[in-house]
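This report goes through selected backbone features, the overall build of one chain, and the contact between two chains. Please read it beside the sequence and the coordinates.

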Number of protein chains: 2
Amino acid sequence: MTKEFDGRRRVVIEEIKPLVDGGRFPVKRIVGDDVRVTAAIFGDGHDHVAGRLLYRHEDVDRWSTAPMRHVNNDVWEGYFIPDRMGRWLFRVEGWVDHFDTWWHQLEKRLSAQQSSVSDDSLESGALTRAATMDESRKEIPLALLTGANLLHTIATEVKGSDAAELRAVATQLRHLAEQKREHYENPVTDAIKALVERNPDLRYVSQSDDFPIRVDRERARFSSWYEFFPRSLGPEDQHGTLKDAAELIPSIAKAGFDVIYLPPIHPIGRVFRKGKNNTVTAEPDDVGSPWAIGNEHGGHMSIAPELGGFSDFDKMVKVASQSGVEIALDIAFQCSPDHPWVRSHPEWFLIRPDGSIQYAENPPKKYQDIYPLNFESTDWRALWEELFNVFSFWIKRGVKIFRVDNPHTKAFPFWEWCIARIKHVHPEVLFLSEAFTRPHVMYGLAKRGFSQSYTYFTWRNTKQELEDYMTELISEPVCEFFRPNFWPNTPDILPAILQTGLRSAFAQRAILAATLSANYGIYGPAYELLEYQPLREKSEEYASSEKYEMRFWDRSREDSLFPLLQLLNEARQSHSCLQRNDSLRFHSTDNPQLICYSKSTKSDVILVIVNLDVNNTQSGWTDIQLQAIGVASDRPYSCKDLLTSAIYEWYGPRNYIRLDPNMPAHIFHIDCSEQVQDEARV
Amino acid sequence: MTKEFDGRRRVVIEEIKPLVDGGRFPVKRIVGDDVRVTAAIFGDGHDHVAGRLLYRHEDVDRWSTAPMRHVNNDVWEGYFIPDRMGRWLFRVEGWVDHFDTWWHQLEKRLSAQQSSVSDDSLESGALTRAATMDESRKEIPLALLTGANLLHTIATEVKGSDAAELRAVATQLRHLAEQKREHYENPVTDAIKALVERNPDLRYVSQSDDFPIRVDRERARFSSWYEFFPRSLGPEDQHGTLKDAAELIPSIAKAGFDVIYLPPIHPIGRVFRKGKNNTVTAEPDDVGSPWAIGNEHGGHMSIAPELGGFSDFDKMVKVASQSGVEIALDIAFQCSPDHPWVRSHPEWFLIRPDGSIQYAENPPKKYQDIYPLNFESTDWRALWEELFNVFSFWIKRGVKIFRVDNPHTKAFPFWEWCIARIKHVHPEVLFLSEAFTRPHVMYGLAKRGFSQSYTYFTWRNTKQELEDYMTELISEPVCEFFRPNFWPNTPDILPAILQTGLRSAFAQRAILAATLSANYGIYGPAYELLEYQPLREKSEEYASSEKYEMRFWDRSREDSLFPLLQLLNEARQSHSCLQRNDSLRFHSTDNPQLICYSKSTKSDVILVIVNLDVNNTQSGWTDIQLQAIGVASDRPYSCKDLLTSAIYEWYGPRNYIRLDPNMPAHIFHIDCSEQVQDEARV
């Protein structure tokens, strides 16, 4: 099928969805998704048109096809299910369906054999009684011949037994035409229609461009992250190791987390090393920031000796795998002044007029422990290759998920190239973008390949803020390329609401993250132990931040939030509607401190109500759009709270809610089965 | 500037507006318009970016440039004014502005010379007092050298005196750096900034694609059409001629119409000619339908002898021109069976199996007087050429506006090719699309080049319908490519509301058309003489339609609506806000039968209130968004009714309205000058 200009390609194809920036970037989907493609397909005049959807994995040359059907107002839809990971392509085709036009016209002629002439047709100057008689004597035989010719034409493009069958039908129609009957029955059987439908008349087919879809594995859409610093896992005052991490992992996995994310594990720079609480001078025993990467032991492809060696790493990866979780590594493309690249490739950095290397700065602030890479290096190709090699190195050691540090300070074209190149060979690899910056920049990174992204959730507290933000994220075009990952905290961000130190705040934010977003994560030990002291007033930095020192976490503390996190993960695992965001719907309440939302599948409804007031009990009435979530409004329904196991019998949209800060939410599983039984009894 | 891949092109350009279908089709504008282009322009990291707009007429090789400025949230805007008709192109460029980044950083360093060290900068591990002292001793000289190097680099790409000047500034900075002063003043003058701004550092510039704009003359946006059948202009019972048309034109022009639109003037087919009221058998003296084109006297490039000859035509065009109006011809690409093409080019039609040519039909209805052209003809190229020749033929005779009959029954690719080819040589030629069909099809034709389009206005009667439809038309993306032309009636359509025969209905619909849409038209004699009899109940066909017979119109009748039309045209000519649709705004009233809307410029406000009830007086209160139209809400304002010359003193948003069917509307010109005087007095 060539695309050279032929004025006879009369069908227009436009408004194709889903596309990101008109097809410039791939839409994101998961293996097994039902990919719905719509397009406006129309032609001139009154001829019928038809459309179909072509799709293929990029490794497969041959297109598969799926029929498209008319939905409404010239918009057509078709579906396909990508059955493996990777880059897929789809295309829409449309053509004038002469056969369909023909048999519809033939049927009208055939019915006109019986019908009397209406005034209406007389008025239009079209028909007389004599003309009606003509239908069978002349027009129908002519139409049959037209059909025969058309089938014959179609047959010339067809191979195999269908070609013979098409010719046979053509002959049969010709034969009928010759009989010049007084009255004709309809010769176009469903079998004939099916025969032509599978051999469409594509002589003048119009084709859209080919558009990309990035198909990931399930974890891209549904994941529960737990972050910790291995160096804090040792017995008190001893440096923790990857061995300690391997020991901790099974318990984290048992609590339902499936991604263990470690801050950078590389050798930490010594030159201008930061001390505790980010002070500029380090004491001799200060461990430094893991994000100041590189010293005499190596850089991005080495492990800090104090954490262990590669065999420890491999064992940790194995334990994780056996526990059903994955290790996510933090990739931070920046160097400490003693990183090996500084000597081997000074041209990858910005050189100042005095020959020194430019450190990071925001004048007058200086970050002399960090050398940024210069993406305008004349040697940018080699730099790109080496950064690509970093990912490849860890992929070979079994890492399939990367949390990328500040990707918005590296060139956009690099990410697009690097991620595509990696995923071409390793489509299972996932990238989380740690960019807390302006919307265009965050979305721009997601478009260029990041599988998941950190979000503004960390600072969205009010009902209006949460509803507005989630609505933006689940709406087109954002939902097509941006997968949010909701974090209530990170080592960099202790948001104001958590600085209250209130358990209600920590519980509330975890519940919101875990139920609003199918991907969520926490910086775990600090979170479950309600760490809330900022470095100083109005700062979001933790006091005694683990970024600059080892901490000892007593995870066995009675007040730990860990059991709640486990409950949340159980709910997420048992209810597939919580594993995606597309069914999210907000419901009204009469209290601005009570947010209410649902996620649902056909068979499963989860309804969440959260008290956003961390200090006070709040009560009010819901107004649930029951019909929209498939709950009958004229029968009681049973709500089981997945947090407390309490069961409530509710009826209709309006129900009373009272939530105190001790347990600031209901996560209701609505059981409709009793409703169905009721119905059966009625 | 080549576009080969360079990873150092770090700036992203996206969300460019205005575009139609991502740039697939041109946006439409008028000569002298201020074309506003916006785009998201952003880069990685903290470097400053800059953007500019490039634009050119397609006949001009060199791009002109306009600066872009940051509006909000990474969106930038720039403007240009196309100063001639034709196809224009624009492009957006973005780049990292190293100079801008540099001098902002330098300014911060310079201010740090004075300032004490804050706790904040201490905390961030960035600065000590000693470091501050460093600023002048070391950092500032280094920064000055960095700037010198940058200016030197920029100079290498620059020609002329600016290059020397850039080098001079570089030398001066270097000189300063060598002085290693205790304290530095800011050396970056506005002159230096301006020098670099006009010589931007485009080494790694990112460029968008080039996007098209179709620039038309003013009449594409603002026109008042009057349609009549020349053959009805004769003395009673005599066939009217183009000479009669030429006599009528000055009076139509005097009433403010500027486009005189004539149904086809070609020879009318004799075979299967339709009789009066569209009957299938014509009497010998029946004149036939002008849309059944072609007989032994010729086809689309001939004039029906009964109307006159080419000299009559030329005289008519000349009279029109002298009267300040234009002739619009109707181009209907279909043939009567005796059209010359039927014999010379049977391959341009669909041949049936019996060798006969396929006439138009919608089984069982037959339209044997019309042969459609076959756009799937093997000879489609020659067919396209000949159709193009038809337009060219009449353009050479002075016709610059065409009303195209049923363009949606001819192939879309043909229109795109034909209109572009004509407008390439004759950008002044305008095309009105007469497609009353589904939205995608109507919009699809507009995208492919039609300058104006008939609309659904003819059937939009209620307040909600009118507000919804106008809102769609003036919103993106429709407003970028679709220019509505509002017709209350056509020879094909006598809508139900006019079948009431009520003068109030005719007045109301003309007022709505002329004030809602900058382009409007009427099928004149039938309209101004309140012709209202349908062919039969529920039909929109006129009884005794002029399409099939000559009519005599007594345009001097006392009850003629012509004086109202003249008033409407005067209002449209005197108030430029009525000459475009973009300022249209609807205002609330408390009566669903009263619609209220404004069009305004900075200096001119027109407020229209129409009683949509054709039978009864309606009254109610307005709720006008005064601030939005620039009227002070705390001072009285004077409303002069352009229909009655009555003057009303109004105050605030709520004012009482009472409209009886005899004069069912106010068209208020709001005079704010007294408000200003008031203000001066206060």
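## Cis peptide bonds

In the loop of chain B that runs between α12 (463-474) and β21 (485-486) lies P477(B), and the peptide bond that leads into this proline from E476(B) is cis, with omega near 0 degrees. These values, like the others in this report, are computed from a predicted model. Chain A offers a cis bond as well, joining K17(A) and P18(A) with an omega of about 0 degrees, and here the proline is placed in the loop between β1 (12-17) and β2 (27-30) of chain A.

As a background to these two cases, most peptide bonds are trans, and most residues other than glycine have a negative phi.

## Positive phi angles

The loop between β1 and β2 of chain A also holds D21(A), which has a positive phi of about 50 degrees although it is not a glycine. With a relative accessibility of 37%, D21(A) counts as partly exposed, because its value falls between the 20% and 50% limits that separate buried from exposed.

In chain B, S544(B) is another residue that is not a glycine and yet has a positive phi, of about 50 degrees. S544(B) belongs to the loop between α15 (524-528) and α16 (562-574) of chain B, and its relative accessibility of 27% makes it partly exposed. A glycine with a positive phi is found in chain B too: G449(B), just after α11(B), takes a value of about 130 degrees.

## A covered helix in chain B

How many of the nine residues of helix α11 (residues 439-447) of chain B are buried? Eight of them are, which leaves this helix mostly covered. The buried set is made up of H440(B), V441(B), M442(B), Y443(B), G444(B), L445(B), A446(B) and K447(B).

## Helix α1 in both chains

Helix α1 (residues 98-114) of chain A contains L106(A), whose relative accessibility is 1%, so that it counts as buried. Apart from its neighbours within four places in sequence, L106(A) has contacts with I140(A), A143(A), L144(A), P187(A) and V188(A). A very different relation holds between L106(A) and G298(A), which are 192 residues apart in sequence and, from C-alpha to C-alpha, 80 Å apart in space.

In chain B, helix α1 (residues 98-114) includes T101(B). Is T101(B) buried or exposed? Its relative accessible area is 9%, and T101(B) is therefore buried, as this value is under the 20% limit. When neighbours within four places in sequence are set aside, the contacts of T101(B) are with D47(B) and H48(B).

## Overall build of chain A

Chain A has 17 helices and 30 strands, and its C-alpha trace spans about 110 × 70 × 45 Å along its principal axes. Of its 682 residues, 60% count as buried. Among the contacts in chain A with a separation of 6 or more, 75% are made by residues that are 24 or more positions apart.

The division of chain A gives domain 1 (1-97 + 209-216), domain 2 (106-199) and domain 3 (585-681). Taken over C-alpha atoms, the centres of domain 1 of chain A and domain 3 of chain A are separated by 40 Å.

## The contact between chain B and chain A

The size of an interface is often given as the accessible area lost when the parts come together. For chain B and chain A the buried area is about 6,700 Å², with 53% of it on carbon and sulfur atoms, and the contact draws on 80 residues from chain B and 80 residues from chain A.

Between chain B and chain A there are 12 salt bridges, and one of the salt bridges joins the side chains of E139(B) and K366(A), with 3.5 Å from N to O. In addition, 24 residue pairs are found in polar contact across this interface, with both residues at pLDDT 80 or more. On the side of chain B that touches chain A, helix α3 (residues 129-156) of chain B supplies the largest share, nine residues. Sorted by class, that side of chain B has 28 nonpolar, 21 polar and 31 charged residues.

Notes. Residues numbered from 1 in each chain as written. Chains lettered and ligands numbered in written order. Heavy atoms only, no water. Domains from an automatic or database assignment. Contact = heavy atoms within 4.5 Å. Buried area = accessible area lost by both parts, 1.4 Å probe. Salt bridge = Lys/Arg side-chain N within 4 Å of Asp/Glu carboxyl O. Polar contact = N/O pair within 3.5 Å; in protein donor to acceptor, adjacent residues only side chain to side chain. Helix = DSSP H or I, 4+ residues; strand = E, 2+ residues; numbered from the N terminus. Nonpolar A, V, L, I, M, F, W, Y, C, P; charged D, E, K, R; others polar. Buried < 20%, exposed > 50% of the residue type's maximum accessible area, 1.4 Å probe, protein only.
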